[in-house]
Structure formats: structure tokens, C-alpha cells
Amino acid sequence: MITPRPVILDLDPGHDDAVNILLALASPELRVLGLTTVFGNVGLERTTRNALITRQIARSDVPVYAGADRPLVQGRISAEAVHGESGLDGPHLPIPTRGTEDEHAAAFIIRTVRAHPSEVTLVPTGPLTNVALAFRLAPDIIPMVREVVWMGGSTDTGNWTPAAEFNALADPHAAHVVFGSGVPLTMIGLNASHQAIAHPARVELFRELGTPTGAFVADLLAFFAEHHLERYGWDGGALHDPLTVAYLLRPDLFRVQPMHVQIDLSGGPSHGRTVADVWHVTGQAPTAQVMTRVDADGFFELLRDRIATYR
Ligand code: BDR
Ligand code: CA
């Protein structure tokens, strides 16, 4: 039997973050050591509450650690326009019966990476603030991290400004720390996630399961679709964050390419942009593997099969 791969999910739930939690917790190939939360789609108190709710829906006892409530340098932005006031609008949300652990997310990351050198994969799907804090507080852990697989950025256009993707823009200085750290890094940006649209037939895959978790996912995706219809005219939401865990489970469904990526910190109209050297024009060494292609049908099939394991 293959030993499950230890992972920490660092997130800002968020509809797609919540689906990522459910996917990871239903996957025997992974051992989820903890969920760490960060400000992002909504404030930290709500993203943390949403992580607790999702853990409860998964009937899991994975520990949850709250982390940064603001970016390293600049002011906070948030995305209620996409995720609603709660950050998880759409489905009925139960009241969480268990709380968080009494340790900061960055401290948990440091302690856990040190305890399992070269084993832990960090899977951030929000602003990179917790990971950057951990790297700055304890640079000794950087060579001990197996890999970071982040949803954020874009090789082309942004979704929060014309140039910048939300997670990158929400804390570009943290992204700069992580991209400059030398850690093995995969960037799954909008250029990839916009290939994974949860259109109505795909939402139905989850409703048809006839289970409470299937209905929860379908309700999340139906609400998430609203903003995408309004903003892009698409008939479904781009299911960004679960591409991270899906990539760990089934790399054969994706294509990645090494690129030099730097973060625009200019404060100008391109602030927060992940400037990706797609054609290697700078000759600079790659800083990340960047996802370029997604087998969307394969991805949704995998997700449906894993969500179907919740009874
Ligand atoms: C990213 O921003 C958030 O709104 C989503 O959860 C995802 O992580 C997409 O730009
Ligand atoms: Ca997210």
C-alpha cells in the first residue's frame, strides 16, 4: 500500500476552497494534517468559521488553525461580491460544534514541517500570507517543505484588476516571499482554472448523488455560478481551488510548464500581477511549475467520484 502524502490545506473558504477540503478529506492518497485559515474571500473570522463548517460536513476531526487576518504590508481586500456575506452563501450552513486549535497557523506549519522533514506538501488556495510568515519566521523549514501547490496568479489576465488575480493581489508581498524562497512551487492560475467551469450539467453530477454532501456541493456551485454569469457571461463558476488537490491526486489530468514568475509590487495598474515568462524570453531560471492545461471532464469525474464517498 502507498503511504498517504501528508498535506496542509491553507485556505480562505470560499466556495471553491470548501470543495477542496471535501475533495482532500475524501482522498486516501492524502493525509490532511491540518487546515489553516487566512483572511481572503471574507475576513479571517468567517473563513475560519467556514473551515469549521466544512470539516463538520465532512465528519472529520482534522484540526483547524486560524492564521493571518491581514496582508503583510498593504490594506485588506475581500470578495463578498463572489462568495456572499458569509463567504459560503448558498447552502444551508450548520453551526460548528467544535472550534479551532490554540496555535497560530504559521506556528502550526513550522512545527509540522520540522516534524516531517521533506514530507509535507503545503496547499494554499488563498493569499500566501501564512506561508510567507512561516518562511520568514523559520527559514530553516524552506528546504524541508516537499512542495507548495498554490492556486493563484495567472499567465494572462487578472480577475480582480485587469492584471491581477485575487489571491495574488490580496497579498502580493507574501507571494513575493514565497516565489523568491526557492521552494519547489506549482502555480495554478486563472489561465488553468478558467478551463474548469462548473456548468449546469456538471453541477447536476453532484445533485444526482442524492446525498447531503452531494447537495451541499451542488448548492455551493450553483451560488458560485451567479457571479460568473454576471461578470463573464459564463454558465458556471470556475472551480479554481480543487485543481490543487486534484493535481496531487492525478497529475496525468494536467499539463505544467516551468517558468520564471515574478510578482509585480509596483503599486501601479499591474500591482499583484504574476509576471510569467511563458516563452523564456528573459533566460532567467524557472521559479515555478505553472499549470497550462486541464482535462476538465477528467477533473469533474474525479471530484464527483470522491464526493460520492460521503454517505
Ligand atoms: C481565487 O480567489 C478566490 O475568490 C477563490 O477562492 C480562489 O482561491 C480565484 O481568483
Ligand atoms: Ca480560495
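## Terms and model

Helices, of at least four residues, and strands, of at least two, are taken as DSSP runs and numbered from the N terminus. The structure described here is a predicted model.

## Backbone features in the loops

With helices and strands assigned in this way, serine 118 falls in the loop that links helix H4 (105-115) to strand S4 (121-124), and its phi is near 70 degrees, a positive value in a residue other than glycine. Histidine 280, which lies in the loop between strand S11 (274-276) and S12, likewise has a positive phi, in this case near 55 degrees. Histidine 280 is partly exposed, because its relative accessible area is 41%, a value that lies between the limits of 20% and 50%.

A further backbone feature is found at glycine 14, in the loop between strand S1 (5-11) and H1, where the peptide bond from proline 13 to glycine 14 is cis, with omega near -15 degrees. Most residues other than glycine have a negative phi, and most peptide bonds are trans.

## The calcium site

The calcium ion (ligand 2) is coordinated through OD atoms of Asp12, Asp17 and Asp241 and through the O atom of Thr125, with Asp17 listed twice among the donors, at 2.2 to 2.5 Å. Along the sequence, the donor residues of this ion follow the spacing D-x4-D-x107-T-x115-D. Aspartate 12 and aspartate 17 are both buried.

## Helix H2 and its surroundings

Helix H2 (residues 44-57) has 14 residues, which at 1.5 Å a residue should span 20 Å, and its end C-alpha atoms are indeed 20 Å apart, so the expected and modelled values agree. The helix is mostly covered, with 10 of its 14 residues buried, among them Leu44, Leu52, Ile53 and Ile57, together with Asn50 and Arg55. These buried residues pack against two helices, H1 (15-25) and H10 (212-232), and against two strands, S2 (30-37) and S3 (64-66).

Glutamate 45, also placed in helix H2, is exposed, because its relative accessible area of 73% is over 50%. Its C-alpha atom is separated by 9.9 Å from that of glycine 67, although the two residues are 22 apart along the chain. Just after H2, arginine 59 takes a positive phi of about 50 degrees.

## Helix H10

H10 has 21 residues and reaches 30 Å from its first C-alpha to its last, close to the 30 Å expected at 1.5 Å a residue. Its buried residues include Phe216, Phe223 and Phe224, as well as His227 and His228. The residue that follows H10 is glycine 233, with a positive phi near 75 degrees.

## The contact of H1 with H11

The axes of H1 and helix H11 (residues 242-249) come within 8 Å and cross at roughly 25 degrees; because this angle is under 35 degrees, the two helices are roughly parallel to each other. On the H1 side the contact is made by Asp16, Val19, Asn20, Leu23 and Ala24, which meet Pro242, Thr244, Val245, Ala246 and Leu249 in H11. The residues of this contact divide into seven nonpolar, two polar and one charged.

## Threonine 292 in strand S12

Threonine 292 is placed in strand S12 (residues 288-294), and the residue counts as buried because its relative accessible area of 18% is under 20%. When its neighbours within four places in sequence are left aside, threonine 292 is in contact with Asn191, Gln195, Arg255, Val256, Gln257 and Met259.

Technical notes
Residues are numbered from 1 along each chain as its sequence is written. Chains are lettered from A and ligands numbered from 1 in the order in which they are written. This is a predicted model: local features need pLDDT of at least 70, side-chain atom pairs count only at pLDDT 80 or more; totals for chains, interfaces and linings use all residues. Side-chain values use heavy atoms; hydrogens and water are left out. Donors are N, O and S atoms within 2.8 Å of the metal (3.2 Å for Na, K and Ca); water is not among the atoms, so sites may look incomplete. Buried means under 20% relative accessible area, exposed over 50%, partly exposed in between (1.4 Å probe, protein chains only). The expected span of a helix is 1.5 Å times one less than its number of residues. Contact means heavy atoms within 4.5 Å. Axes are lines fitted to C-alpha atoms, for helices over the stretch in contact, and angles run from 0 to 180 degrees between N-to-C directions. Angles under 35 degrees count as roughly parallel, over 145 as roughly antiparallel, 65 to 115 as roughly perpendicular and the rest as oblique. Ala, Val, Leu, Ile, Met, Phe, Trp, Tyr, Cys and Pro count as nonpolar, Asp, Glu, Lys and Arg as charged, and the others, Gly among them, as polar.
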